Amino acid sequence: MNNDILHQAYDPEQFRQQGHQLVDRLADYLAQMQQGSTLAVLPWQSPEDKLHAWQADFDNSPQPTINQFFDQVLMESIHIHHPRYVGHQVATPAPAAALAGLLSAFLNNGMAVYEMGPVSSAIERLVMKQIAAKVGYDSLGGGIMTSGGTLANLTALLAARQAKTNGEAWQKGTRGQLALMVSEEAHYCVDRAVKIMGWGETGMIRVPVNDYYQIRTDQLTPYFQQARKEGKKVIAVVASACSTSTGSYDNLDEIARFCQQYDLWMHVDGAHGAAAAFSDKYRSQVAGLSQADSITLDFHKMLMTPALTTGLLFKNERLSFDTFSQRASYLLNEDEEDWSNSGKRTVECTKRMMSIQVYALLRTYGWKLWDENITRLYDLANNFASMIQQHPAIELAITPQANIICFRYAPFGVPMAQLNTLNAQIRQQVIEEGKFYIVQTQLKGEVFLRVTLMNPFTTEAMLEELLNDVRQKGNALNC
Ligand SMILES: Cc1ncc(COP(=O)(O)O)c(C=O)c1O
């Protein structure tokens, strides 16, 4: 058998050389980004043009020049490490966490069972217990790691369903119309989880929000009573901490009181904002968090790890073993509530060694790293909001509660429909020009520009530049 190609693919010396080159390239790239690179944050190309270009590359393959390929990927990607990247809620990965990600990819310890990931299983247990304590849970608290906030929310709701149907839902299915209550501003993945569970649109009870886009807790009881009248069995409330569009924190203490009164499962979708629990200055944003039955927390948002790295915490971890009571005799023993075979409690069978990315940061820098990052990002958001308020033609949607700020170009006298078009055009011009990357959202049907401050090296001066840019583009489009 001619196995030269197999030897080449696993050649240690080639790996060493290519790996060193790649890390050197990434280190130079990071330095360039931190020095305020003039590269476009998003090198814009239409999806069709991009596809054609890569098709041409593929048609030319195989090509032995892997570092050339890496370089091309680097140059054509959106530059998350750029301090002018102020768009979606994606972490600026810290190098130590990214290196742990490389180690995970290389070792490929799949983790469904302890034997297939002894280190990462133990570390996952350790990290989840530590974080459970940090959010205020007692020794019954703990959790698992899973591939993203979307999956964590679904997993939490499956646990809620099992707990609130006397442990029958998984084996026997559900009877009657189950439902949950959630703010109309919740992330769309909650709606998706409800539909995946087969509860349909009637299973989603959307509670209106107040002027700060927080769930109206005065409406919880009337919506609950109405649902009961309609024959629904409400089993849970999902609180947003914080919401995606505006970064608004629901009132967790009041939701907890309501859930206790009616024996409902309280889940906190803290994919983005539960991280405030690590900031001494901003911890009060999540007051009441420890009363939740479960909490989703994405490390790949404000906690500086590459995606996907998510924690799902349970106040009473024992309940997480009931979610999937499923026999897979070659892998899992159904009777044991052991922590070490993580596949018993996750949707995934195989998963990445995500815990080592979190631990790499904690072990190297301690809790202080997250405290400083979150405090910096939230402080910066407050400063940015003050700057917006000083620009007469620019309107701030609400005072930020997190590192998400919504604003728009809104000079006096321009009709609403025109403002919507203008702001959508401004955003498109901004991203195509490449000096900044920002996104947009709709608040009560109106278009707003949206910034999420994810990079601690974004400065007030850069944000002032962004505001001037928005105003100039708006004025030019509006004349
Ligand atoms: C509040 C909230 N929940 C859930 C998600 C989904 O998380 P993921 O992208 O990790 O699946 C997001 C993502 O932005 C979010 O903001």
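**Loops, a one-faced helix and the overall fold**

Asn166 is exposed, with a relative accessible area of 72%. In this predicted model, Asn166 sits in the loop that links helix H7 (149-163) to helix H8 (169-172). Its backbone stands out a little: phi is positive, at about 50°, although Asn166 is not a glycine. Asp263 tells a similar story. Here phi is near 55°, again a positive value in a residue other than glycine, and the residue belongs to the loop between H11 and S5. With a relative accessibility of 54%, Asp263 also counts as exposed.

Just ahead of that loop comes helix H11 itself, which spans residues 252-262. Its buried residues are Leu252, Ile255, Ala256, Phe258, Cys259 and Tyr262. Looking down the axis of H11, these fall within an arc of 165°, so they line one face of the helix. The spacing fits a general rule: an α-helix has 3.6 residues a turn, so residues three or four places apart point the same way. Over on the other side of H11, Arg257, Gln260 and Gln261 are exposed. As for what covers the buried residues of H11, the list includes strand S2 (177-183), helix H10 (220-229), strand S4 (232-240) and strand S5 (265-269).

Two cis peptide bonds are worth a look. One runs from Ser61 to Pro62, with omega near 5°, and Pro62 is found in the loop between helix H3 (47-59) and helix H4 (66-76). The other runs from Ala241 to Cys242, also with omega near 5°. Cys242 has its place in the loop between S4 and H11, and S4 is among the elements that cover the buried residues of H11.

Stepping back to the whole chain, the protein has 15 helices and eleven strands. Its radius of gyration is 24 Å, close to the 23 Å that the globule rule gives for 479 residues, so the protein is as compact as a globular protein of that length. Along the principal axes, the C-alpha atoms fill a box of roughly 75 × 60 × 40 Å. Buried residues account for 51% of the 479. Of the contacts with a separation of 6 or more, 72% are between residues 24 or more positions apart.

On the outside, the accessible surface adds up to about 22,100 Å², and carbon and sulfur atoms supply 53% of that. As for charge, there are 40 positive and 49 negative side chains, with the centres of the two sets 6 Å apart.

Conventions: Residues are numbered from 1 along each chain as its sequence is written. This is a predicted model: local features need pLDDT of at least 70, side-chain atom pairs count only at pLDDT 80 or more; totals for chains, interfaces and linings use all residues. Side-chain values use heavy atoms; hydrogens and water are left out. Helices (H or I, at least four residues) and strands (E, at least two) are DSSP runs, numbered from the N terminus. The radius of gyration is taken over C-alpha atoms; the globule rule is 2.2 Å times the number of residues to the power 0.38. Buried means under 20% relative accessible area, exposed over 50%, partly exposed in between (1.4 Å probe, protein chains only). Contact means heavy atoms within 4.5 Å. Accessible areas come from the Shrake-Rupley method with a 1.4 Å probe; for residues, only the protein chains shown count as cover. Lys and Arg count as positive and Asp and Glu as negative; His and the chain ends are not counted. The place of a charge is taken as NZ of Lys, CZ of Arg, CG of Asp or CD of Glu. The arc is that of the directions from the helix axis to the C-beta atoms.
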